[in-house]
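Thank you all for coming; I would like to take a few minutes to walk through one model with you. Please have the sequence and the structure open while I talk.

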Amino acid sequence: MGAPKIKSNISDIKSYTSSKEKYPMFVARVQAGFPSPGDDYIEKNLDLNELLIRNPSATFFVKVEGDSMVNAGINSGDTLVVDKALEAKDKSVVIAHINGELTVKRIWLAKGKVFLNPENEEFSPIEVTEETDFDIWGVVTYVIHNCLLYTSDAADEGLGVDLGGRRII
């Protein structure tokens, strides 16, 4: 009986292309708790390629569709940085090609079996057997979230708060 047919939740596969753009990197760390006073100077310029790309010739990007990995911090609309040169290990998040479909899942080894585990209890693990048409395309190294995707429609509804000339919606 093989693995169940799954709907692909990967779209827009893009190959890495080098960019010479560099962006300001501030010395100050951003507090996730109580805010601290900010420093007014830049430590260096940040090259996103240096930060996100280990193996340029083996790196590609994919856009996520679906919510099977939300508990791993991977949401629909996110962009994943994927490295084909890295070896997938137990618990790695991978892009897998299974029975003709692409998916993002966590590799799980248990009792001599291989599973593709979702990170959402609404989805079931997929057992990979010898009969399964299966290949790992790469290991996910970074998740890029678009924070603007998660803002409300408060601006369109005329909602918000005025804080001394600054409008927060």
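**Fold, charges and a cavity**

If you read along the sequence, the chain runs in the pattern β-β-β-α-β-β-β-β-β-β-β-β-β, and this amounts to 1 helix and 12 strands. I should say at the outset that we are looking at a predicted model, and that everything I quote is computed from it. Of the 169 residues of the chain, 30% count as buried.

Let me begin with the charged side chains. How many salt bridges does a search of the whole structure find? The search finds 3, and as general background, side chains of opposite charge can pair when their charged atoms come close.

The pair I would like to take up now is E119 and R106, whose side chains meet in a salt bridge with an N to O distance of 2.6 Å. This pair links distant parts of the chain, with E119 in the loop between β8 (113–117) and β9 (126–128), and R106 in strand β7 (residues 101–110), 13 residues apart. Are these two residues buried or exposed? Both E119 and R106 are buried.

Another salt bridge joins the side chains of E127 and K113, at 3.9 Å from N to O. Here too the pair links distant parts of the chain, since E127 belongs to strand β9 and K113 to strand β8, with their positions 14 residues apart in the sequence. E127 counts as partly exposed because its relative accessibility is 30%, and K113, with a relative accessible area of 40%, is partly exposed as well.

The remaining pair to describe is D90 and K91, whose side chains meet in a salt bridge at 2.7 Å, again N to O. D90 has a relative accessibility of 31% and therefore counts as partly exposed, while K91 is partly exposed at 35%. K91 deserves a second look for its backbone, for this residue has a positive phi of about 85° although it is not a glycine. As for its place in the chain, K91 lies in the loop between β5 and β6.

There is another residue with a backbone angle of this kind, namely N99, which has a positive phi of about 50° although it is not a glycine. N99 is found in the loop between β6 and β7, and it counts as partly exposed because its relative accessibility is 24%.

While we are in this part of the chain, let me point out two pairs of residues by their C-alpha distances. E87 is found in the loop between β5 and β6 (93–98), and with 64% relative accessibility it counts as exposed. E87 and I136 are 49 residues apart in sequence, yet their C-alpha atoms are 9.3 Å apart in space. V93, by contrast, lies in strand β6 and is buried, with a relative accessible area of 12%. V93 and V104 are 11 residues apart in sequence, and from C-alpha to C-alpha they are 6.9 Å apart in space.

Let me turn to empty space inside the model. Rolling a probe the size of a water molecule over the atoms shows where empty space is left. In this structure there is 1 cavity of 30 Å³ or more, and its volume is about 30 Å³. Which residues line the largest cavity? The lining is made up of L52, I53, R54, T59, V81, V82, D83 and T141. Strand β5 (residues 79–83) gives the most to this lining, with 3 residues. By character, the lining residues divide into 4 nonpolar, 2 polar and 2 charged.

Finally, let me come to the surface. L48, L51 and Y142 form a nonpolar patch there, with about 250 Å² of accessible area together. One of the three, L51, is found in helix α1 (residues 48–52). L51 is partly exposed, with a relative accessible area of 43%, and a residue must have over 30% to be part of such a patch.

To gather up the main points, the search finds 3 salt bridges, including the pair of E119 and R106, in which both residues are buried. The cavity takes 3 lining residues from strand β5, and the nonpolar patch on the surface is formed by L48, L51 and Y142.

Technical notes. Residues are numbered from 1 along each chain as its sequence is written. This is a predicted model: local features need pLDDT of at least 70, side-chain atom pairs count only at pLDDT 80 or more; totals for chains, interfaces and linings use all residues. Side-chain values use heavy atoms; hydrogens and water are left out. On a 1 Å grid over the protein atoms alone, a cavity is a set of points where a 1.4 Å probe fits but cannot get out, and a pocket is an open set with protein on both sides within 12 Å along at least five of seven lines; lining residues have an atom within 4 Å of a point. Grid points are joined across faces, edges and corners, and a volume is the space filled by probe spheres set on the points. Helices (H or I, at least four residues) and strands (E, at least two) are DSSP runs, numbered from the N terminus. Ala, Val, Leu, Ile, Met, Phe, Trp, Tyr, Cys and Pro count as nonpolar, Asp, Glu, Lys and Arg as charged, and the others, Gly among them, as polar. Patches are made of residues with over 30% relative accessible area and no salt bridge: like charges are joined within 9 Å, nonpolar side chains (Val, Leu, Ile, Met, Phe, Trp, Tyr) within 5 Å. Accessible areas come from the Shrake-Rupley method with a 1.4 Å probe; for residues, only the protein chains shown count as cover. A salt bridge is a side-chain nitrogen of Lys or Arg within 4 Å of a carboxyl oxygen of Asp or Glu. Buried means under 20% relative accessible area, exposed over 50%, partly exposed in between (1.4 Å probe, protein chains only).
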